[in-house]
Amino acid sequence: MARQLDSEALRAYRDIVQAQLEKLEEEVVPQLESSGKLGKMPAFGTMDGADAARTNYTAFHEGVWNSLQGLREALNGVINTLNDSGDLSDESDEVAAADMDAVDSNLEGPEPQL
């Protein structure tokens with residue numbers, strides 16, 4: 001049984017992924033950039049444990065930032081794959097339709113001479 005790809009469904013899913021990527025880039029990433037609210041280290045002061053708190057905060061922030069960058073790359077990869085799959089599906093459908101037209105025209109050809 002042949003599998004079929006629904007290029008419209010692929011594009012609809014791509015639009016959902018694109019919306020999530022845009023939300024990530026417009027709402028989350030700016031908050032974690034150095035100019036954003038979450039991009040500034042809190043004032044831990046000079047009390048016991050302040051140095052450890054600074055180190056932990058820096059490591060946590062770096063880990064979150066790197067994870068977000070990885071997520072951005074993954075979402076862009078999903079979008080590119082969905083675009084390519086949809087395009088290839090459309091192209092395959094066109095080729096299959098042309099092949100079927102050729103088969104139909106061969107079947108409808110001149111009647112054999114007896």
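## Histidine 61

Histidine 61 lies in helix α2, and the model in which it is seen here is a predicted one. With a relative accessibility of 18%, histidine 61 counts as buried, because buried means under 20% relative accessible area. A polar atom of its side chain lies 3.0 Å from the backbone oxygen of leucine 32. Leaving aside residues up to four places away in sequence, histidine 61 touches Leu32, Leu38 and Gly39, so that Leu32 appears both in this list of contacts and in the polar pair just described.

## The chain as a whole

The protein chain contains two helices and zero strands. Helix α1 covers residues 7-32, and helix α2 covers residues 50-107. Of the 114 residues in the chain, 16% count as buried, and histidine 61 is one of the residues that count as buried.

The accessible surface of the chain comes to about 9,000 Å², and 54% of that surface belongs to carbon and sulfur atoms. When contacts between residues at least 6 apart in sequence are considered, 63% of them join residues at least 24 apart.

## The nonpolar core

Which residues make up the largest nonpolar core? This core has eight residues, namely Val17, Leu21, Leu24, Val29, Leu32, Leu68, Leu75 and Ile79. Helices α1 and α2 each supply at least two residues of the core, and α1 gives the most, with five residues. As a general background to such a grouping, nonpolar side chains in soluble globular proteins tend to be buried together.

Isoleucine 79, a member of this core, touches Arg14, Val17, Gln18 and Leu21 when residues up to four places away in sequence are not counted. Among these contacts of isoleucine 79 are Val17 and Leu21, which are themselves listed in the core.

## Salt bridges

How many salt bridges does a search of the whole structure find? The search finds three. In one of them, the side chains of glutamate 25 and arginine 72 meet with a nitrogen-to-oxygen distance of 3.4 Å. This pair links distant parts of the chain, since glutamate 25 belongs to helix α1 and arginine 72 to helix α2, 47 residues apart. Glutamate 25 is partly exposed, with a relative accessible area of 30%, and arginine 72, at 23% relative accessibility, also counts as partly exposed.

Another salt bridge joins the side chains of arginine 54 and aspartate 51, with 2.9 Å from N to O. Both of these residues lie in helix α2, where they are three residues apart, about one turn of the helix. Arginine 54 counts as partly exposed at 28% relative accessibility, whereas aspartate 51 is exposed, with a relative accessible area of 56%; the label for aspartate 51 follows because exposed means over 50%. There is also a salt bridge between the side chains of aspartate 15 and arginine 14, at 3.1 Å from N to O, and aspartate 15 is partly exposed, with a relative accessible area of 44%.

## A nonpolar patch on the surface

Nonpolar side chains are found on the surface as well, where Tyr13, Ile16 and Val78 make a nonpolar patch of about 270 Å². One of these residues, isoleucine 16, is found in helix α1.

Terms used
Residues are numbered from 1 along each chain as its sequence is written. This is a predicted model: local features need pLDDT of at least 70, side-chain atom pairs count only at pLDDT 80 or more; totals for chains, interfaces and linings use all residues. Side-chain values use heavy atoms; hydrogens and water are left out. A salt bridge is a side-chain nitrogen of Lys or Arg within 4 Å of a carboxyl oxygen of Asp or Glu. Buried means under 20% relative accessible area, exposed over 50%, partly exposed in between (1.4 Å probe, protein chains only). Helices (H or I, at least four residues) and strands (E, at least two) are DSSP runs, numbered from the N terminus. A nonpolar core is a set of buried Ala, Val, Leu, Ile, Met, Phe, Trp, Tyr and Cys residues joined through side-chain atoms within 4.5 Å. Contact means heavy atoms within 4.5 Å. A polar contact is a pair of N or O atoms within 3.5 Å; within protein, one must be able to donate a hydrogen and the other to accept it, and residues adjacent in sequence count only if both atoms are side-chain atoms. Patches are made of residues with over 30% relative accessible area and no salt bridge: like charges are joined within 9 Å, nonpolar side chains (Val, Leu, Ile, Met, Phe, Trp, Tyr) within 5 Å. Accessible areas come from the Shrake-Rupley method with a 1.4 Å probe; for residues, only the protein chains shown count as cover.
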